Amino acid sequence: MKKKVEQISFKARDIISIQDLTREEILYLMEKGKDMYTEEQSGNRYTNSLGKKVLFHAFYQDSTRTINSFNAAMQELGGIVRGFSGKEGTSVMKKECIRDTIVMAEATHADIIVMRHPKDGSVQWAADVAHVPVINGGDGTNEHPTQALLDLFTMYLINNDKLDNVNVGIGGDLAHGRTIRSLCAALSNFDDITIRWAADDILGMPDDVTRCLKKRNVAVIRHKQVKDVLRQVMFYYMTRPQFEMMSGNPVENQKKILKLLDVYRITLEKITGHNFKLMHPLPVNSETREIDYQVYFSAQQHFFTQAENGVFMRKALLDEILEGTIYERFTGILPDEIRIGNNRLKRRIKARRKEGRFIDNIHGGIVLDHLMPKTEDKVKETLKLACGDCDIISAYLHDSDKSFVKTSVTYLDERGLKMVCMCSPDPTVNIIHNGHVHEKYVYLLCRNDNCITRVLEEDVPPRFYKDDGNIKCRYCRHTYEVSNPNMAQFERKHFLATLPSSVIPVGK
Amino acid sequence: MKKKVEQISFKARDIISIQDLTREEILYLMEKGKDMYTEEQSGNRYTNSLGKKVLFHAFYQDSTRTINSFNAAMQELGGIVRGFSGKEGTSVMKKECIRDTIVMAEATHADIIVMRHPKDGSVQWAADVAHVPVINGGDGTNEHPTQALLDLFTMYLINNDKLDNVNVGIGGDLAHGRTIRSLCAALSNFDDITIRWAADDILGMPDDVTRCLKKRNVAVIRHKQVKDVLRQVMFYYMTRPQFEMMSGNPVENQKKILKLLDVYRITLEKITGHNFKLMHPLPVNSETREIDYQVYFSAQQHFFTQAENGVFMRKALLDEILEGTIYERFTGILPDEIRIGNNRLKRRIKARRKEGRFIDNIHGGIVLDHLMPKTEDKVKETLKLACGDCDIISAYLHDSDKSFVKTSVTYLDERGLKMVCMCSPDPTVNIIHNGHVHEKYVYLLCRNDNCITRVLEEDVPPRFYKDDGNIKCRYCRHTYEVSNPNMAQFERKHFLATLPSSVIPVGK
Amino acid sequence: MKKKVEQISFKARDIISIQDLTREEILYLMEKGKDMYTEEQSGNRYTNSLGKKVLFHAFYQDSTRTINSFNAAMQELGGIVRGFSGKEGTSVMKKECIRDTIVMAEATHADIIVMRHPKDGSVQWAADVAHVPVINGGDGTNEHPTQALLDLFTMYLINNDKLDNVNVGIGGDLAHGRTIRSLCAALSNFDDITIRWAADDILGMPDDVTRCLKKRNVAVIRHKQVKDVLRQVMFYYMTRPQFEMMSGNPVENQKKILKLLDVYRITLEKITGHNFKLMHPLPVNSETREIDYQVYFSAQQHFFTQAENGVFMRKALLDEILEGTIYERFTGILPDEIRIGNNRLKRRIKARRKEGRFIDNIHGGIVLDHLMPKTEDKVKETLKLACGDCDIISAYLHDSDKSFVKTSVTYLDERGLKMVCMCSPDPTVNIIHNGHVHEKYVYLLCRNDNCITRVLEEDVPPRFYKDDGNIKCRYCRHTYEVSNPNMAQFERKHFLATLPSSVIPVGK
């Protein structure tokens, strides 16, 4: 193995998004993976480098490949595996939240946690909670970084140990699902990358991915027909239609996609004469079969090789992250960082609790302002649900086309604020004191419906960061579209650790 | 480690109820647990003391914490784990009874079995069946002894290695669920224990627990408000509302409890200024959240420490039970004890089978007597179901306000008798021979609806023992309320191994 | 252990059907099993003969006994176990087919695969796909060879280490379920075997089993009453009624069988005085209880011994199959054999695609001939489903009492052909070229409804072989009843590896 570049270290790191890895780090893992692969070829499948360290798999969602690949990797390095696969039979059924399940994994001596969950950003949250490293085994529609790594590794081995100058076609469903996103992001680290695709609009490459790739000098070329793509690429990366992720009528979607599939399905006829390598993250859907049976026997087929490469890549990763670390004593204390952002507003509001109940000429209470037009009734009902009986007056202001809600409520916790946001995004929260606006905040909640921060029971604090001019959710990494005019004042400083980024104080 | 007290040995013992452990035994386990904890702190997580012994987990019910904690403990001692978690995918789906599943675990070389099951007494039954030791991982609403041990262990470590002179508050749902019961029973072994609580009647401490504690010199003090409890305790033990265990309308219950929760929920505000340690068996219900999020970060929070302490306590227990034992050759023969009680009555009845069919002037058959008033029709139908076609006459005797059923049935097995009991508890069974009462029995079946002896398919023989004047079920340990006047003759001797305690012969 | 007979080797073999094992091979395994048993008795439960080889269990169906027994065996030999039990939580939920799941198991370094699946022939298919050995842990109603081996082993140990001259009674449900079939086939390898049974017709021994046994010189004797059987046998093998496998109304079946059960149930009364050994593959159904509780304690009971013997037999088998082999490098390439048979017809048809669309005087297209009378409409609809819009003419020919379908379809893949077969078995497929029949085939699909080849999504190629004059399905091994007169020409050569046995070219 080549000497490790000085500044590269995976020790004790979380692996949440492929975007967190640099070109150098990816290449380092490729080399390490190749070492693992070479050792395997020399008949040395097993080492004892990880002693009896414990990998805990917290798989809230179906998996055969990822979980077994991680288990194989861990066991071949001398480690032990524990955990659960599927919520059935676990305390999740008793409504345990992610935070508590993750702490429990630590308390029972996990040295590393691999997690898969249906919600975007959920694994970032787990990593925030845990003291031990966490690897993302797939979070919602968001990311699956070890899949991207093994995809790259497959290309790396075929492309003579390099990842520059690669010409990749991608097919199937580019719009939904996490694999394409991660792969594109990963490839964009390298030079002379061309990505070609041909698909109907509803399955096509999302605009934000295209923009992002172009900005990083990746050539993205849309072709009219799949055959034009197949002619010109070294790798063709096929994916299955993610019906479950599409919005709209599921039966109609299925019908529409099935028709398109006849066009996009990879058949022996279509690939004959080309010598690209056909990749697929698997599983292939055996009902709709985006890859025809005959193709499995072709020289182009490389998806089974991908599956095996996953073991080497995961061995490399586990070894790097755990190497040299000794297990941590669990303290029973949650990391300080995850408390930031939660309930800060609540505490401020609370301080003024018992004052005034007179509404019209409000003395003490909350005014929710800058609500979306005509959402006032929904917000009112929500507040009643969250706070019990309270006096509420609401109105729609015709002239400014916005709504507001005045209430005698003096106590509103974060779940309540989130519920308000679900009716009307980023409301301004005015805290009234002695009939005057004492403090004024904008409350932000990520707008991605599938984001973990929107699951009330999980109590994940909404947090944001600025990335290249955009405000992004810390968890699902979706860009936040600001609608509240008060948000113009949103600054970098609002993301400092000491100030919860979901509560932005604005001028009176 | 201190020297083991001569008479204390856990070798090959079942751990079914915390009530089976003495003060000395508990303290011995505490010391042993502390040794495990100290070893861990010195960096010695792994030993090889259990060679490759096998722990088999038979978890019929949801668990993440308990099962992982046991698995961690076993693996850290050098053992192997096998088993199932959740009935899905097991032969339980093919209607295999507990007895057969447990024997199968033994036949596939389990050295120790940890079991969780929704029915009270089920694990005692498994222990009766198995030749290897069985540990109760939670049976219905009944017991969860290793939880009680880890709770005590957490207190022990904090309280300078002793358990006397402890002042504990308990909160949440004291009425349902097994944790509070076990904890109280465990604490009652020690001196100068005070237990304080404040709760609405429907969630309050059950009278039998209070009585039992007082008898053992535990001071039980009910306060008006939770804050009065919080002010005066070293530990506050919170639990979640066990909606699934409450009788009555579930929606109404939920509503009522949710309202109460606002009063009983532990919030940062309520605990600020106090320095008790907050405990909880976990999981916290993330929907109803009996503990507010902010409390997780407080200095009072100790439930995550509890979770980790579980590993040490279980290591101590497994090591003690399995230490020095060598695995047993499985013989394929069930223990003699578990046949006692079953079908004894049946065999007697059978002996008189083919005689008489004339009912009114009955020659041969069974008369069920001392039935609850007006249950005769239900009993009649039950007998037809259990025995097929037979002549039956039933009547309600107005003067004595009781019912009886005469039948030509000469064969009635234990499932049939249990079915009769479910209509009318402890019937007198008169066996008629040549027109005369030849033998006369009272048949007892535990009245706890959730007791394993009431699950017909499990064939568990009802058995009872006398404890301090009360008749108790061997399995769920509920006190048996005798209604049949013939039962006055119920004596210690009826519990001898040779006589089934569920069939009490009474004078003619 | 005796010296291995030169020609006997289990190295790297699949174990799919007990019928694939010879008398000598079975006896060899018995001896090896006895060695394992003897070692266990001497206290040597663990060896390290299998290093860290990996057993992967792919259990698509409920199991406790088989999976734990295999896991115990593998772990006691020093191996590692991985896999899944129950489809819940696996990629099967995402419609992954068997082929891909099996390849994935290999890609994650399985050294041997044990599989259970609800469909007949599914495990043979898995073995065709895999490069590593596959053991059948039960496929549908078909086979469960390791159960048969452990049954034989139990008899072998009791019968002084031999299997000749055995007198066996079988009871319960002889008609449905795989255990009886496998056991009878296994016994038929030995000399002086007598099989006795007494059962109602609907539960009785299937005719084909009886015929097959008689041909192999096994005496099969049907008695009027169970008690006549019990009097005369060394072993009585009881099974549970397989309600789920019976055709017809399930409620009516249950009722009928429950009545019969009263007659066939094994009770203490019935077995008293006899000294046969009572066997049962387990689980006993605790609801219908084909074996009464009291019998569990009798000297006759041997089913728990069977359960333990399973571990020794599986240790013997795993050791033999894996001994001395080193793990295979997975290549990512599917075995050539499994591509044979698929899509061959399709490719031929495809070659003539774009020609003619005129139907009545058909120039290019397909004529489906020799259809079952009056199935033409169903076939027509099927074709529309499979091929989209196309011109179709169909007719029922009164004089010859058969139907045909003419179509302009020039492309029909194997799933489409299978769908046609499900309407009308073995159709003749005429490929029309320039208005003339250019080629003519008969397409065969196994008629066993539960055969894996009939599950469209699995893409299993129908394949057949000749066995003693009968045509049999390679997967489920059911005999194929030929109805198409063109099939008279069906010859051994049609099963050559180079020609797909499901497509039989016939003369014009």
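**Exercise 1. The side of chain B that touches chain A**

Task: In this predicted model, find how many residues of chain B are in contact with chain A, and which elements of chain B supply them.

Solution.
Step 1. Count the residues on both sides. In chain B, 33 residues are in contact with 32 residues of chain A.
Step 2. Look for elements of chain B that give two or more residues to this side. They are helix 2 (65-76) and helix 11 (303-322) of chain B.
Step 3. Find the largest share. Helix 2 of chain B provides it, with 6 residues.
Step 4. Sort the residues on the side of chain B by class. There are 12 nonpolar, 15 polar and 6 charged residues.

**Exercise 2. The side of chain C that touches chain A**

Task: Describe the side of chain C that touches chain A by its residue count, its elements and its classes.

Solution.
Step 1. Count again. The contact joins 32 residues of chain C to 33 residues of chain A.
Step 2. Name the elements. At least two residues each come from strand 2 (80-85) and helix 3 (98-107) of chain C.
Step 3. Pick the element that gives the most. This is helix 3 of chain C, with 5 residues.
Step 4. Sort by class. The side of chain C has 11 nonpolar, 9 polar and 12 charged residues.

**Exercise 3. How the copies are related**

Task: State which rotation lays chain B on chain A and which lays chain C on chain A, and say what kind of axis relates chain C and chain A.

Solution.
Step 1. Take chain B. A turn of 120° with a shift of 0.0 Å along the axis superposes chain B on chain A, with an RMSD of 0.0 Å.
Step 2. Locate the axis from chain B. Glu88(B) has the C-alpha nearest the axis, 4.7 Å from it.
Step 3. Take chain C. Chain C is laid on chain A by a turn of 120° and a shift of 0.0 Å along the axis, and the RMSD is 0.0 Å.
Step 4. Draw the conclusion for chain C and chain A. The two copies are therefore related as by a three-fold rotation axis.
Step 5. Locate the axis from chain C. Glu88(C) comes closest among the residues of chain C, with its C-alpha at 4.7 Å.
Step 6. Compare the surfaces used. Only 3% of the interface residues of chain B are also interface residues in chain A, so these copies meet through different surfaces.

**Exercise 4. Two crossing helices in chain A**

Task: Determine how helix 1 and helix 5 of chain A are oriented to each other, and which residues make their contact.

Solution.
Step 1. Read the geometry. The axes of helix 1 (residues 23-41) and helix 5 (residues 145-158) of chain A come within 10 Å and cross at roughly 70°.
Step 2. Classify the angle. Angles of 65 to 115 degrees count as roughly perpendicular. Helix 1 and helix 5 of chain A are therefore roughly perpendicular to each other.
Step 3. Give the hand. The crossing of helix 1 and helix 5 of chain A is right-handed.
Step 4. List the contact residues. Helix 1 of chain A contributes Ile26(A), Leu29(A), Met30(A), Gly33(A) and Lys34(A). Helix 5 of chain A contributes Leu149(A), Leu152(A), Phe153(A), Tyr156(A) and Leu157(A).
Step 5. Sort the contact residues of the two helices. They divide into 8 nonpolar, 1 polar and 1 charged.

**Exercise 5. Two domains of chain A**

Task: Describe the side of domain 1 of chain A that touches domain 3 of chain A.

Solution.
Step 1. Set the bounds. The domain assignment gives chain A domain 1 (18-141 + 310-336), domain 2 (146-301) and domain 3 (340-505).
Step 2. Count the contact residues. In chain A, 11 residues of domain 1 are in contact with 14 residues of domain 3.
Step 3. Find the element that gives the most to the side of domain 1. This is helix 4 (residues 122-129) of chain A, with 3 residues.
Step 4. Sort by class. The side of domain 1 has 3 nonpolar, 5 polar and 3 charged residues.

How values were computed
Residues numbered from 1 in each chain as written. Chains lettered and ligands numbered in written order. Predicted model: local features only at pLDDT ≥ 70, side-chain atom pairs only at ≥ 80, totals over all residues. Axes fitted to C-alpha atoms, helices over the stretch in contact; angles between N-to-C directions. Helix = DSSP H or I, 4+ residues; strand = E, 2+ residues; numbered from the N terminus. Parallel < 35°, antiparallel > 145°, perpendicular 65-115°, else oblique. Left-handed = near helix turned anticlockwise from the far one by under 90°. Contact = placed C-beta atoms within 7 Å. Nonpolar A, V, L, I, M, F, W, Y, C, P; charged D, E, K, R; others polar. Least-squares fit on C-alpha atoms with pLDDT ≥ 70 in both. Domains from an automatic or database assignment.
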